[in-house]
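Student: I'd like a close look at just one part of this model, please. Pick a good spot and walk me through what sits there and what lies around it.

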Amino acid sequence: MAWWLIAAAAGPNPYSNVAAFMSSFIGRLLLLGYTWALLHHMLGGVRHLIWDTGHGFAASEREWLALATGVASVSLTLVLWVFGYLVMGGSH
C-alpha cells in the first residue's frame, strides 16, 4: 500500500511500474492475501466486540465464533474479488 501511494505521488512512470507489478500473478496473489488479512482482522474485531458485550464465552460459542471468523473472512474475500472482477471487466 505504501509503495502504491509513494509511486502515485512520484509520477506516472513509477506508478506504471507499480501497476504492472500489481497486475502480475504474484502482485494479485499479494493483493488477495492483503484483502483476506484485512477482512480477517476486521471480523476478529467484531468477535472481540461481541465478547465486550459479555457474550460468546462458552467453549462452544468461542469455537463457533473462531470458525465463523475464518469462514466469513475467506468467503467475503472471494465475494469481494469476484465482484471486483465483474465491475472491472475481468483480467486485463
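**A close look at helix 3 and its surroundings**

Tutor: Let's start with His40, which sits in helix 3. Keep in mind that this is a predicted model. His40 counts as partly exposed because its relative accessibility is 30%, and the label covers values between the 20% cut-off for buried and the 50% cut-off for exposed. Now look for Val74: His40 and Val74 are 34 residues apart in sequence, yet their C-alpha atoms are 7.9 Å apart in space.

For contrast, try a pair from further along the chain. Leu67 belongs to helix 4, which covers residues 59-88. With a relative accessibility of 57%, Leu67 is exposed. From Leu67 to Met88 you count 21 residues along the sequence, and the C-alpha distance is 31 Å.

Back to helix 3, which runs over residues 25-52. This helix helps to line the second largest pocket: helix 2 (12-23) and helix 3 each give at least two residues to that lining. Helix 2 provides the largest share, with 4 residues. If you want to find the pocket on screen, pick out Met1, Trp4, Tyr15, Val18, Ala19, Met22, Leu30, Leu31 and Tyr34, which line it. The volume of this pocket is about 190 Å³. What classes of residue make up the lining? There are 9 nonpolar residues, with no polar and no charged ones.

One name in that lining, Leu30, turns up again on the surface. Leu30 joins Trp3, Phe21, Phe25, Ile26, Leu29 and Leu32 in a nonpolar patch. Together, the residues of this patch have about 710 Å² of accessible area. Helix 3 gives the largest share here, 5 residues.

Phe21, another member of the patch, lies in helix 2. Phe21 has a relative accessible area of 30%, so it is described as partly exposed.

While you're at helix 2, look at Asn17, which is placed there as well. Is Asn17 buried or exposed? Asn17 is exposed, because its relative accessible area is 53% and the cut-off for that label is over 50%. Asn17 and Ala7 are 10 residues apart in sequence, with 8.3 Å between their C-alpha atoms.

So, to tie things together, helix 3 has residues in the lining of the second largest pocket and supplies the largest share of the nonpolar patch.

Methods: Residues numbered from 1 in each chain as written. Predicted model: local features only at pLDDT ≥ 70, side-chain atom pairs only at ≥ 80, totals over all residues. Heavy atoms only, no water. 1 Å grid on protein atoms, 1.4 Å probe; cavity = no way out; pocket = protein on both sides within 12 Å on 5 of 7 lines; lining within 4 Å. Points joined across faces, edges and corners; volume = space filled by probe spheres on them. Nonpolar A, V, L, I, M, F, W, Y, C, P; charged D, E, K, R; others polar. Patch = residues over 30% accessible without salt bridge, like charges linked within 9 Å, V, L, I, M, F, W, Y side chains within 5 Å. Areas by Shrake-Rupley, 256 points an atom, 1.4 Å probe, with all protein chains shown as cover. Salt bridge = Lys/Arg side-chain N within 4 Å of Asp/Glu carboxyl O. Buried < 20%, exposed > 50% of the residue type's maximum accessible area, 1.4 Å probe, protein only.
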